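Biologist: Please show the structure, and let us then ask of each label what supports it.

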Amino acid sequence: MRHCHSIGAGGIQTTVGGWAEDFAKQVRAEREKLEMYLEGSIGLPKDSADLSRFEKEVRLAKEAGATVLRTVCLSGRRYENFKSEAEWATFKENSLRSIQLAEPIVRKHQVRLAVENHKDWKAAELAQLIQNLSSEWVGVTLDFGNNVSLLEEPMEVIRTLAPFAYSTHVTDMGVMAYDKGFLLSEVELGKGIVDLKEAVSLCQKYNPQVTFSLEMITRDPLEIPCLEDSYWVTFENEKAKDLAKILRLVRDQAFSGALPSVKNLNSEQRLAFEEENVVKCLAYSKKMINYQ
């Protein structure tokens, strides 16, 4: 929190697992002193036996001053994790059960749970899940760029999920073709394919209190092998025109120069490279998006 404050950030989103009672109080004191927002990041309850852990983390996050808790259903990527439709169906059932277990607890403590589109749910799938749950305490952490990996254009995703957004991951994405599909990277804000001004405006339209948390992951490009049969295992009735639309975007808006890469950097150099990108993104957001 202190470091983020020192480079100009207005708040943080951070994991809350393993916190002690006194640590939550320390976090609250520091947050209030620095006048920063705080959002938690929490793991969903796996089953009823895991509810006590989940509730403790919700309670401590609230004690520290968090009113929104970001969560994910999948730690990996849909097109890499699942090898059959049956595996995907099981994942969907387990995810819904976990969210249903979590809802009474966040409702009890009046903290909002925000499920991220984390390279798992397509935008319409996640929107339908949230609508079916019909709870004011469960919404979305809207990542601006993740669903490009699922062949969805960023603004289509943002228009679909903004009405449910309780928090955000602000990213800009660079794309380039490769032999099995395309490469995807988080890049400096303003240099990728996301219309950041429209994205921020849409989120604020539906939730004037929403915060904008920069996610500037600096790593080697992700490979999106959408021309391979294995990629399509979990997708039903996908249209050829959706693939064509994304590949046309990759062609027409290919990133200028080389996408960021860290494979030849040591750990200290990687950290310095990411810090440099974070600072540039914060400066861009203040200058170009008028958001701090």
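Modeller: Let us begin with a definition: helices and strands are DSSP runs, of at least four residues for a helix and at least two for a strand, numbered from the N terminus. In those terms, N147 lies in the loop between β5 (138-143) and α7 (154-161). Please keep in mind that this is a predicted model.

Biologist: What makes N147 a buried residue?

Modeller: The label buried requires a relative accessible area under 20%. N147 has a relative accessible area of 1%, and therefore counts as buried. Leaving aside neighbours within four places in sequence, N147 is in contact with N117, W121, K122, A123, E152 and V157.

Biologist: Which polar contact joins the side chain of N147 to that of another residue, and why is it given that name?

Modeller: The side chains of N147 and E152 are joined at 2.7 Å. A polar contact needs a pair of N or O atoms within 3.5 Å, so the value of 2.7 Å meets the cut-off. The side chain of N147 also reaches the backbone oxygen of W121, at 3.1 Å.

Biologist: How do you know that S185 is buried?

Modeller: S185 has a relative accessible area of 2%, and the limit for buried is under 20%; S185 is therefore buried. Its place is in strand β8. Beyond its neighbours within four places in sequence, S185 is in contact with D172, M173, G174, P221, L259 and P260.

Biologist: Why is the pair of E32 and R28 called a salt bridge?

Modeller: The rule asks for a side-chain nitrogen of Lys or Arg within 4 Å of a carboxyl oxygen of Asp or Glu. The closest N and O atoms of E32 and R28 are 3.1 Å apart, so the pair qualifies. Both residues lie in helix α2, four residues apart, about one turn of the helix. An α-helix has 3.6 residues a turn, so residues three or four places apart point the same way.

Biologist: Are E32 and R28 buried or exposed, and what decides the label?

Modeller: Neither word applies: the class between 20% and 50% is partly exposed. E32, with a relative accessible area of 46%, is partly exposed, and R28, at 27% relative accessibility, is also partly exposed.

Biologist: What makes E30 and K33 a salt bridge, and which class of accessibility does each residue fall into?

Modeller: The closest N and O atoms of E30 and K33 are 3.6 Å apart; the cut-off is 4 Å, so this is a salt bridge. The two residues are three apart in helix α2, about one helical turn. E30, at 13% relative accessibility, counts as buried, whereas K33, at 59%, counts as exposed. Leaving aside neighbours within four places in sequence, E30 is in contact with M1 and R2.

Biologist: How do you know that E188 and K280 form a salt bridge?

Modeller: Their side chains meet at 3.6 Å, N to O, and the limit is 4 Å, so the pair satisfies the rule. The pair links distant parts of the chain: E188 is in the loop between β8 (181-187) and α8 (196-206), and K280 is in helix α10 (residues 267-288), 92 residues apart. E188 counts as buried at 18% relative accessibility, while K280 counts as partly exposed at 36%. Salt bridges that share partners join E188, K191, E276 and K280 into one network. By the same rule the count comes to 19 salt bridges.

Biologist: What makes the span of helix α3 close to the expected value?

Modeller: Helix α3 (residues 51-64) has 14 residues and reaches 20 Å from its first C-alpha to its last. The expected span is 1.5 Å times one less than the number of residues, and for α3 the expectation is 20 Å, so the two values are close. The buried residues of α3 are F54, E57, V58, L60, A61 and A64. Their cover includes α2 (21-34), β2 (37-41), β3 (68-71), α5 (85-109) and β4 (112-116). After α3 comes G65, whose phi is positive, near 115°.

Biologist: Which element gives the most to the lining of the largest pocket?

Modeller: That element is α10, with seven residues. The volume of the largest pocket is about 840 Å³. Of the 34 residues that line the largest pocket, the closest to its centre are C4, S213, L214, E215 and M216.

Conventions:
Residues numbered from 1 in each chain as written. Predicted model: local features only at pLDDT ≥ 70, side-chain atom pairs only at ≥ 80, totals over all residues. Heavy atoms only, no water. Buried < 20%, exposed > 50% of the residue type's maximum accessible area, 1.4 Å probe, protein only. Contact = heavy atoms within 4.5 Å. Polar contact = N/O pair within 3.5 Å; in protein donor to acceptor, adjacent residues only side chain to side chain. 1 Å grid on protein atoms, 1.4 Å probe; cavity = no way out; pocket = protein on both sides within 12 Å on 5 of 7 lines; lining within 4 Å. Points joined across faces, edges and corners; volume = space filled by probe spheres on them.
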